[in-house]
Amino acid sequence: QRLGVGLAHSKLILIGEHSVVYQKPAIALPFEAVFSEVKVAPSTGAVTLASHFYNGKLAQLPDKLQGLRHVIERACQINNQPVKDFTLTLTSTIPIGRGLGSSASIAASLARGIFDYFKADLSLPVLRELVDLSETYAHGTPSGIDREAVISDEPIWFIKDQAVEPIEVKEPLNIIVADTGRIGDTHAAVSAVNARRQSEPDTTNQLLEDLEKLTEDARTMLKTGDLKALGHVLTASHDKLKALGVSDEGLDRYVDISLSNGAVGAKLTGGGRGGCMFALTASTEQALAVEQALLEAGAKETWYIQLTNGVKTD
Ligand code: MEV
């Protein structure tokens, strides 16, 4: 039986979320600990989608999932195929709305699965177009960093509409990611920053420039392997994001707990206001101590990753 399969990992923004919307640089890592997978199989009649968040006909997808319908329809259109006679089964271990790029990853695995089913090559520009269709639906005006980070297997340096390039990482990075368990709303957080830019342009633009400078510093420290300095830069960027209004008490508390348990730096990751944070530590041992402390503090889930030039997961 003909079967199509598509896979995509999630992503972790190391530094530069939010300021990246305003053409400032950001650094993102592929995060393979959680991923999405789509299987496409033949059937007769209307296209159906089976997943843990929706089961039923494509035509009846709820409003907030319309982006996925657009990806599927456009993928069929590009392949000159009718939107019928197949079923999609989606499994994803990426928690939704936690800043890990779940929507972009699902769009990428859908696109890959459908092209695989039609035995067609999926070029990078077409993959980008398809993920953008869904991301525009999910986030309004995304910078595109989620799209690039879920389709790249390497850490990337990203500037909206200008640059996507692999970035050098000299020393292995020991990172603990913790999920607060609370769903963040990236769309609302991005809009809040925009509103702040209108009402308080001077202080907001200063914060965005500070984040740009910290992101440039982070790139240098990744290259030279100065992890302690990198940690300070990451924590400093959390403070700037907090001043921008996209953190919350729970994220701030996890950052404090990480630092008091020996992390060299810690910050929220992604859209903020709930979702995930991560801590950088100097060793595996320290990472496990921080992980334990975050679990005791109530983290819903934690992941340990060791990143060299590419990500290894445990
Ligand atoms: C979301 O993962 C990152 C944000 O910077 C939004 C975006 O870049 O589209 C908050």
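**Note on a two-domain predicted model**

1. Tyr254, Ile257 and Ser258 in helix α8 meet Val290, Ala293 and Leu294 in helix α9. Sorted by class, this contact of α8 with α9 has 5 nonpolar residues, 1 polar residue and no charged residues. The reader should keep in mind that the model is predicted.

2. The geometry of the same pair can now be stated. Two packed helices are described by the angle between their axes and by the distance between those axes. Helix α8 covers residues 249-260 and helix α9 covers residues 284-296. Their axes come within 9 Å and cross at roughly 145°. The crossing in which α8 passes α9 is right-handed.

3. The chain as a whole contains 9 helices and 12 strands. Its radius of gyration is 19 Å, close to the 20 Å that the globule rule gives for 314 residues, so the chain is as compact as a globular protein of that length. Along the principal axes, the C-alpha trace spans about 60 × 45 × 35 Å.

4. Two domains divide the chain: domain 1 takes residues 4-163, and domain 2 takes residues 168-313. Between their C-alpha centres there is a separation of 24 Å. Domain 1 places 31 residues in the contact, and domain 2 places 36 residues there.

5. Which elements give two or more residues to the side of domain 1 that touches domain 2? They are strand β1 (4-15) and strand β2 (26-42). Of the elements, β2 gives the most to this side, with 7 residues. By class, the residues on the side of domain 1 that touches domain 2 divide into 18 nonpolar, 7 polar and 6 charged.

6. The surroundings of the ligand form the next topic. There are 15 residues around the ligand, and those that come nearest are Glu17, Pro142, Ser143, Gly270 and Gly271. The elements that give two or more residues to this shell are helix α4 (145-151) and helix α5 (186-199).

7. How many residues of each class does the shell around the ligand have? It has 6 nonpolar, 7 polar and 2 charged residues. Both domains take part in the shell around the ligand: at least three residues are drawn from each of domain 1 (4-163) and domain 2 (168-313).

Terms used. Residues are numbered from 1 along each chain as its sequence is written. This is a predicted model: local features need pLDDT of at least 70, side-chain atom pairs count only at pLDDT 80 or more; totals for chains, interfaces and linings use all residues. Axes are lines fitted to C-alpha atoms, for helices over the stretch in contact, and angles run from 0 to 180 degrees between N-to-C directions. Helices (H or I, at least four residues) and strands (E, at least two) are DSSP runs, numbered from the N terminus. A crossing is left-handed if the near helix is turned anticlockwise from the far one by less than a right angle, and right-handed if clockwise. Two residues are in contact if their C-beta atoms, placed from the backbone, lie within 7 Å. Ala, Val, Leu, Ile, Met, Phe, Trp, Tyr, Cys and Pro count as nonpolar, Asp, Glu, Lys and Arg as charged, and the others, Gly among them, as polar. Domain bounds come from an automatic or database domain assignment. A residue is near a molecule or strand if its C-beta atom, placed from the backbone, lies within 6 Å of it. The radius of gyration is taken over C-alpha atoms; the globule rule is 2.2 Å times the number of residues to the power 0.38.
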